[in-house]
Structures are given as C-alpha cells and as structure tokens.
Amino acid sequence: MEIGVPKEIKDQEFRVGLSPMSVRVCCDRGHAVFVESGAGIGAGFTDADYIQAGAKIVSNSQDAWNRELVVKVKEPLPLEYPLIQKGQLLFTYLHLAAHRQLTEYLIASGVQAIAYETVELPEQKLPLLTPMSIIAGRLSVQFGARFLERQQGGRGVLLGGVPGVKPGKVVILGGGIVGTEAARIAVGLGAQVQILDVNVDRLVYLETIFGSRVEYLYSSSSQIEAVVPDADLLIGAVLVLGRRAPILVSRSLVSKMHPGSVIVDVAVDQGGCVETLRATSHTNPTYIEEGVVHYGVPNMPGAVPWTATQALNNSTLPYVVQLADRGIKALEGNSALAKGLNVQDGRLVHPAVREVFPDLAD
C-alpha cells in the first residue's frame with residue numbers, strides 16, 4: 001500500500017505522523033511511504049533520515065496526501081480539506097465532537113476516517129491517546145508554572161514556595177491520565193495539590209501513588225466552587241470519550257479566582273471544561289479574562305516533538321501496519337481499531353460523535 005505522511009500545518013505543530021523507524025518497519029513489509037519534504041525536521045528527523053529508512057520524499061503536501069493511507073498527527077485544517085479523497089484511509093487525531101465543520105467535510109468527502117483518540121481497548125483503555133495525555137499532563141504544570149511568573153502576566157507565585165512562604169496551590173479537575181501526570185509534576189515541585197474526580201475508586205488508586213502529598217476530593221458542583229477560588233493554578237483534565245467536555249467551571253467562578261492566577265485546560269481539544277476558556281496557539285498561548293491567565297493550546301505535546309513523535313509512534317505503529325497490510329478490512333479483526341472509525345463512506349458512524357451531531361447521523 002502507498003502511505004502518505006504530510007507535514008503538519010497547525011500552528012507550531014512539529015510532530016510528524018511516522019518517524020524514520022516506523023517508516024522502515026512499513027517499507028520492510030513491502031509498503032511504499034511518501035513523506036513530504038521537511039515533515040520531520042521539527043521533531044529532529046531529516047529528509048535524509050527518511051530516505052535511509054526507505055521512504056520517498058515528495059516536494060509538496062498534495063503528493064503526500066495522494067495516497068491510499070494518510071498518517072498524520074492532528075486533524076486536517078481547512079487548507080487541507082481539498083486534499084482529502086474518497087475511499088482514502090485517514091488515520092490521525094480528529095476530536096470531531098469539537099469540530100462540526102471538519103465532521104461535515106469528512107462525511108461529504110467519502111473518506112474512511114479513523115481517529116487515534118477513539119481507538120479503544122477493553123475497560124475503556126485508549127492506547128493512542130494515553131502517550132499524549134501523559135505528556136500534556138506533565139506539560140500543563142510546566143506551562144502553568146511559567147505563566148504564573150509576573151513577567152508572563154501571572155501573580156508571581158512560585159509553586160514550590162520557599163522556607164517561610166507557603167507553596168502555590170494546584171487544583172486538578174479529573175484524576176485520569178492527564179490529572180495523574182499533572183499531579184506527579186506538581187507534587188515534585190512541592191506545590192499544594194488537590195485532585196477532584198467523580199470516581200472514588202480512582203481517588204483510592206491515586207492515594208496509593210501520592211499518599212498524603214495530595215488531597216483527594218469527590219468532584220461535585222459545591223466542591224468545585226469551594227476549591228477553585230483559592231487555586232493559583234487550575235488544570236482542566238476532563239475527558240468524555242468522543243464527546244465535548246462538560247463545563248465544570250463557570251465564568252462567575254473564574255471571576256472569584258485571584259488576579260493573575262492561571263488556568264490550563266488540557267480538555268480544550270474536546271471543547272474545554274472552563275466556560276471562559278477558548279482554544280489558543282503556541283504562537284499566542286494565553287489571554288486574560290476575568291483577571292485570570294488562560295492557556296488553551298490544543299496541541300500541547302507539539303512543544304516537545306522529539307519526545308512526543310516517538311511516544312506516539314510507539315503506540316500507533318502496530319495499527320498503521322495493520323491498516324497498510326489489510327486496508328479497511330483490518331477493522332474486522334481488531335475491535336479496538338474498529339472503535340476508532342468515525343466516518344465511513346459518507347456516514348458518521350462513531351456512536352458518541354453521532355450523539356453530539358444527531359442531525360449529521362442520518
């Protein structure tokens with residue numbers, strides 16, 4: 001099969017769909033891989049690295065897209081819509097619940113669109129979302145600490161504090177992968193950390209990891225209202241598979257936070273869980289609303305592309321190989337991959353996304 005790897009065009013998105021190592025695996029199985037020139041530069045991979053791995057370098061995005069299987073990182077942007085082809089396999093992050101326009105276009109195009117984030121193993125394990133969730137969770141505190149600096153518009157709080165001065169307070173909404181990794185970094189910095197989640201069993205599990213260094217709270221409207229105003233750094237880490245994240249923090253509650261405090265919403269690519277938060281970019285990552293610094297970059301792992309590309313490929317490569325070997329028939333023998341299918345033959349097929357856009361489900 002011919003596999004295309006276009007260069008990502010989202011703002012400062014330096015990850016790439018296939019690393020040279022992954023390309024070699026595909027080529028060794030008899031597939032032809034076409035990589036757009038410069039696609040891997042941001043992640044530390046040169047065109048020469050890809051040529052050595054067996055890829056063919058193409059000079060423009062159209063030549064990369066004009067293949068049976070296209071492997072990307074982020075969802076197609078409007079400039080890429082005309083490049084999408086009927087019957088083509090598209091394998092990438094899509095997050096369609098937050099992108100109606102893209103959903104409509106994919107349906108109209110006749111593409112077979114498989115989303116990384118909805119590939120699902122038993123017990124709701126998300127193997128292709130997990131590695132990026134780990135990175136985003138860790139980065140959320142790293143970025144939050146930076147924007148708490150006074151020069152960045154923050155209130156000038158050092159999360160770890162110093163002897164004689166109390167540490168900063170980090171409130172994390174959601175105790176999944178993102179929340180756990182955020183807590184790991186926040187605890188390591190010496191911050192005061194609270195995690196809220198509706199799953200008591202998950203809170204019990206987290207206690208086995210962090211012990212008394214974290215406060216574990218059952219998430220309810222009243223509890224959120226009680227802890228958010230005192231947060232120096234609020235991290236949104238809420239995921240509802242295939243659906244928009246629920247709004248847990250209202251504008252009125254944001255207005256009660258300390259001026260210069262920071263909100264980082266990792267759920268922004270699914271709509272976000274804070275009413276005042278909107279998507280931003282690596283070029284312009286923050287804005288101030290209600291006196292609070294908001295950070296809403298939807299492709300946070302793009303800031304560390306060398307690490308993120310390899311971590312992502314470690315998880316996606318087995319599925320890429322199956323799709324290259326068998327095409328759409330690969331879904332018949334792989335229930336996890338089948339759950340990743342969002343759009344097929346002009347129809348919206350993923351149940352959760354159909355609930356978000358019922359008028360597109362017919």
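Two strands count as paired if DSSP finds at least two bridges between them. The exercises below apply to a predicted model.

**Exercise 1. The seven-stranded sheet**

Task: In which sense do β10 and β11 pair, and over how many bridges? Place the pair in its sheet and find the edges.

Solution.
- Step 1. Strand β10 (residues 233-236) and strand β11 (residues 262-265) are joined by four bridges. The cut-off for pairing is at least two bridges, and the sense of this pair is parallel.
- Step 2. One bridge can be located by residue: Leu234 has Ile263 of β11 as its partner.
- Step 3. The sheet is open, has seven strands and follows the order β9-β8-β7-β10-β11-β13-β12. Its pairing is mixed.
- Step 4. The edges are β9 (214-218) and β12 (286-289). Each has a single partner strand, so one side of each lacks a neighbour in the sheet.
- Step 5. From one strand to the next, the twist averages 20°.

**Exercise 2. Helices on the seven-stranded sheet**

Task: Which strands do α6 and α7 lie across, and at what angles do they run?

Solution.
- Step 1. Helix α6 (residues 177-189) lies across β7 (169-173), β8 (192-197), β9 and β10. Relative to β8, α6 runs at about 170°.
- Step 2. Helix α7 (residues 200-210) lies across β8 and β9, and its angle to β9 is about 175°.
- Step 3. Angles over 145 degrees count as roughly antiparallel. By this cut-off, α6 is roughly antiparallel to β8, and α7 is roughly antiparallel to β9.

**Exercise 3. Leu189**

Task: Is Leu189 buried, partly exposed or exposed, and which residues does Leu189 touch beyond those up to four places away in sequence?

Solution.
- Step 1. Leu189 belongs to helix α6.
- Step 2. Its relative accessibility is 43%. Buried requires under 20% and exposed over 50%, so Leu189 is partly exposed.
- Step 3. Leaving out residues up to four places away in sequence, Leu189 touches Val141, Leu159 and Gly160.
- Step 4. Leu159 is 30 residues from Leu189 in sequence, while their C-alpha atoms are 6.7 Å apart.

**Exercise 4. The eight-stranded sheet**

Task: What is the strand order of the sheet that holds β1, and which strands stand at its edges? Trace some of its pairings.

Solution.
- Step 1. Eight strands form this open sheet, in the order β3-β2-β1-β4-β5-β6-β14-β15, with mixed pairing.
- Step 2. β3 (56-58) and β15 (347-348) are the edge strands, each paired on one side only.
- Step 3. β1 and β2 run parallel and are joined by four bridges. In this pair, Val5 is matched with Val35 of β2, and Gly4 with Phe34 of β2.
- Step 4. β2 is mostly covered, with four of its five residues buried.
- Step 5. β6 and strand β14 (residues 341-344) are antiparallel, with two bridges. Ala113 has Val343 of β14 as bridge partner.
- Step 6. β14 and β15 are also joined by two bridges and run antiparallel. Here Gln344 is matched with Arg347 of β15.
- Step 7. The β14-β15 hairpin has two residues between its strands, and Asp345 takes a positive phi near 50°.

**Exercise 5. Helix α10 and its contacts**

Task: What does α10 touch on the sheet, and how does α10 cross α5?

Solution.
- Step 1. α10 packs on the eight-stranded sheet. There α10 touches β1, β4 (69-71), β5 (89-92) and β6 (112-115), and its direction makes about 180° with that of β5.
- Step 2. The axes of helix α5 (residues 130-147) and helix α10 (residues 305-326) come within 8 Å and cross at roughly 155°. The cut-off is over 145 degrees, so α5 is roughly antiparallel to α10.
- Step 3. On the α5 side the contact consists of Pro131, Met132 and Ile135; on the α10 side, of Thr307, Ala308, Ala311, Leu312 and Ser315.
- Step 4. Sorted by type, these residues are six nonpolar, two polar and no charged.

**Exercise 6. The two sides of α1**

Task: Which residues of α1 are buried, and why do they count as lying on the same side?

Solution.
- Step 1. In helix α1 (residues 20-28), the buried residues are Pro20, Ser22, Val23, Cys26 and Cys27.
- Step 2. Around the axis they cover an arc of only 155°, so they lie on the same side of α1.
- Step 3. Met21 and Asp28 are exposed on the other side of α1.
- Step 4. The cover over the buried residues includes β1 (2-5), β2 (32-36), α2 (47-53) and α10.
- Step 5. After α1 comes Gly30, with a positive phi near 90°.

Methods:
Residues numbered from 1 in each chain as written. Predicted model: local features only at pLDDT ≥ 70, side-chain atom pairs only at ≥ 80, totals over all residues. Heavy atoms only, no water. Axes fitted to C-alpha atoms, helices over the stretch in contact; angles between N-to-C directions. Parallel < 35°, antiparallel > 145°, perpendicular 65-115°, else oblique. Contact = heavy atoms within 4.5 Å. Nonpolar A, V, L, I, M, F, W, Y, C, P; charged D, E, K, R; others polar. Buried < 20%, exposed > 50% of the residue type's maximum accessible area, 1.4 Å probe, protein only. Arc of directions from axis to C-beta.
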